[in-house]
Amino acid sequence: GNLADGCVALDRFLDGGPPSIENEAEAEQCVPWLVQAADAEVAAGGVEALVVNCMCDPGVAVLRARLEVPVIGPAEACMHLLAGLGLRFSVLDVVEEAREEVEAQVRRFGLDHAFASHRAIRVPVLDIYADRTRSAAALHAEAMSAIGQDGAQALLLGCTGFSDLACDLRALMAGGPDIAVIEALQTAVDLAAILVAARPGSGRG
């Protein structure tokens, strides 16, 4: 897709790995394939930043250690963004079993003070769009609970597979609490574009 300041975002699918990622073990399984794809893209030239398309942020540390371009994990970037804005956020996720991983991320990033809660719609990644209306309604229900019961001041969608549901959720929340719904993948890509545009000699911005 086209971004501001002449940046262009390109998708690259991995040649292997698990069909979806819902836990740390599955995240680890995809790292060799992620490294292979990232190495190939950077070697081909023209890559100025990489965004890993998963809220588990798989392989981010590994890629940062081996590549010279910025590598952005959407969970780390979005959680820090919301905390930096002084907002307590709730993560709206796919399954309850992901809670431990999310809470570990929050602790690793030093953001316990900004974390309101983890809530899940109890739908596996591969089934999110089997019934889009149901998934959107479940997100809305958990969003309202996060706001009303957990004191959330912002909502972070905890799976990049929710990207197409962000607009659905915002529409369902229209007329209700004035709370930001953050779609992590687009936000991470936008941050990458801002970073690239801010580099000396970029000719952008």
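User: In which helix does Ser135 lie, and is Ser135 buried or exposed?
Analyst: In this predicted model, Ser135 is part of helix α5, which covers residues 132-150. Its relative accessible area is 1%. Buried means under 20%, so Ser135 in α5 is buried.

User: Which backbone oxygen does the side chain of Ser135 reach?
Analyst: Leaving aside neighbours within four places in sequence, Ser135 is in contact with Ile121, Val123, Asp127, Ile128 and Leu165. One of these residues also accepts a polar contact from the serine side chain, at 2.6 Å. The backbone oxygen reached is that of Ile128.

User: How far apart are the end C-alpha atoms of helix α1?
Analyst: Helix α1 has 21 residues, from 24 to 44. At 1.5 Å a residue, these should span 30 Å, and the model agrees with that expectation. The end C-alpha atoms of α1 are apart by 30 Å.

User: At which residue in α1 does a kink lie?
Analyst: The kink is of about 35 degrees. Its position is shortly before the proline Pro32. The residue is Val31.

User: What covers the buried residues of α1?
Analyst: The buried residues of α1 are Ala27, Cys30, Val31, Leu34, Val35, Ala37 and Ala38. An α-helix has 3.6 residues a turn, so residues three or four places apart point the same way. The cover over the buried residues of α1 includes β1 (50-51) and α2 (60-66).

User: Which residue has a side-chain oxygen that reaches a backbone nitrogen at the start of α1?
Analyst: The backbone nitrogen belongs to Ala25. The side-chain oxygen comes to within 3.2 Å of that nitrogen. The residue is Asn23.

User: With which residue does Arg66 meet in a salt bridge?
Analyst: The N to O distance in this salt bridge is 2.7 Å. The pair links helix α2, which holds Arg66, to helix α1, with the two positions 27 residues apart in sequence. Arg66 is partly exposed at 46% relative accessibility, and its partner is partly exposed at 25%. That partner is Asp39.

User: Which residue forms a salt bridge with Glu48?
Analyst: Glu48 is in the loop between α1 and β1, and its partner is in the segment after α7 (184-197), 151 residues apart. The closest N and O atoms are 3.9 Å apart. The partner is Arg199.

User: Are Arg119 and Glu142 buried or exposed?
Analyst: Arg119 and Glu142 form a salt bridge, with the closest N and O atoms 3.2 Å apart. Arg119 lies in strand β4 and Glu142 in helix α5, so the pair ties together parts 23 residues apart in sequence. The two also belong to a network of salt bridges with Glu96, Arg99, Arg122 and Asp150. Both Arg119 and Glu142 are buried.

Technical notes:
Residues numbered from 1 in each chain as written. Predicted model: local features only at pLDDT ≥ 70, side-chain atom pairs only at ≥ 80, totals over all residues. Heavy atoms only, no water. Helix = DSSP H or I, 4+ residues; strand = E, 2+ residues; numbered from the N terminus. Expected span 1.5 Å × (residues − 1). Bend = angle between axes of the 7 residues up to and from the residue. Buried < 20%, exposed > 50% of the residue type's maximum accessible area, 1.4 Å probe, protein only. Contact = heavy atoms within 4.5 Å. Polar contact = N/O pair within 3.5 Å; in protein donor to acceptor, adjacent residues only side chain to side chain. Salt bridge = Lys/Arg side-chain N within 4 Å of Asp/Glu carboxyl O.
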